[in-house]
Amino acid sequence: MVLMLLGMLARIREMEVLVRWATVNWDQLKEPLGFDRDLPPCATTISRTLAKCSVADFRRACR
């Protein structure tokens with residue numbers, strides 16, 4: 001969810017664009033976001049994860 005929030009702050013509204021942006025900046029993003037993978041999650045993974053989150057989940061993550 002933090003990756004999506006960063007995308008929102010960058011005014012990115014499409015998951016594919018978010019993934020392209022994250023890929024370009026992944027070396028700087030992955031450690032602070034807690035990822036240990038070589039590439040960011042794909043757009044489908046991000047969308048499916050967000051679909052499972054409630055508003056309450058999002059609020060808790062943003063505290």
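1. Helices and strands are here DSSP runs, with at least four residues for a helix and at least two for a strand, numbered from the N terminus. On that basis the protein chain of this predicted model reads α-α-α-α from the N terminus on. The count is four helices and zero strands.

2. Overall dimensions come next. The protein chain has a radius of gyration of 11 Å, close to the 11 Å that the globule rule gives for 63 residues, so the chain is as compact as a globular protein of that length. Its C-alpha trace extends over about 30 × 20 × 20 Å along the principal axes. Of the contacts between residues at least 6 apart in sequence, 47% join residues at least 24 apart.

3. As to surface and burial, the accessible surface of the protein chain is about 4900 Å², and carbon and sulfur atoms account for 53% of this area. Buried residues form 21% of the 63 residues.

4. Trp 26 is a residue of helix α2. Its relative accessibility is 2%, and Trp 26 is therefore classed as buried, the cut-off being under 20%. With neighbours within four places in sequence left aside, the contacts of Trp 26 are Phe 35, Arg 37, Asp 38, Leu 39, Pro 40 and Pro 41. For one of these partners, Arg 37, the separation from Trp 26 is 11 residues in sequence and 9.7 Å in space, C-alpha to C-alpha.

5. Thr 23 also belongs to helix α2, which covers residues 15-33. Thr 23 has a relative accessibility of 40% and so counts as partly exposed, a class that lies between the 20% and 50% limits. From Thr 23 to Arg 60 the C-alpha to C-alpha distance is 26 Å, at a sequence separation of 37 residues.

6. Charged groups deserve a separate remark. The protein chain carries 10 positive and 7 negative charges, and the mean positions of the two sets are 10 Å apart. Side chains of opposite charge can pair when their charged atoms come close. A search of the whole structure returns one salt bridge.

7. That salt bridge joins the side chains of Arg 60 and Asp 57, with an N to O distance of 2.4 Å; the criterion is within 4 Å. Both residues are in helix α4 (residues 55-61), where Arg 60 and Asp 57 stand three residues apart, about one turn of the helix. Asp 57 is partly exposed, because its relative accessibility is 26%.

Conventions: Residues numbered from 1 in each chain as written. Predicted model: local features only at pLDDT ≥ 70, side-chain atom pairs only at ≥ 80, totals over all residues. Heavy atoms only, no water. Buried < 20%, exposed > 50% of the residue type's maximum accessible area, 1.4 Å probe, protein only. Rg over C-alpha atoms; globule rule 2.2 N^0.38 Å. Contact = heavy atoms within 4.5 Å. Areas by Shrake-Rupley, 256 points an atom, 1.4 Å probe, with all protein chains shown as cover. Lys, Arg positive; Asp, Glu negative; His and termini not counted. Charge placed at Lys NZ, Arg CZ, Asp CG, Glu CD.
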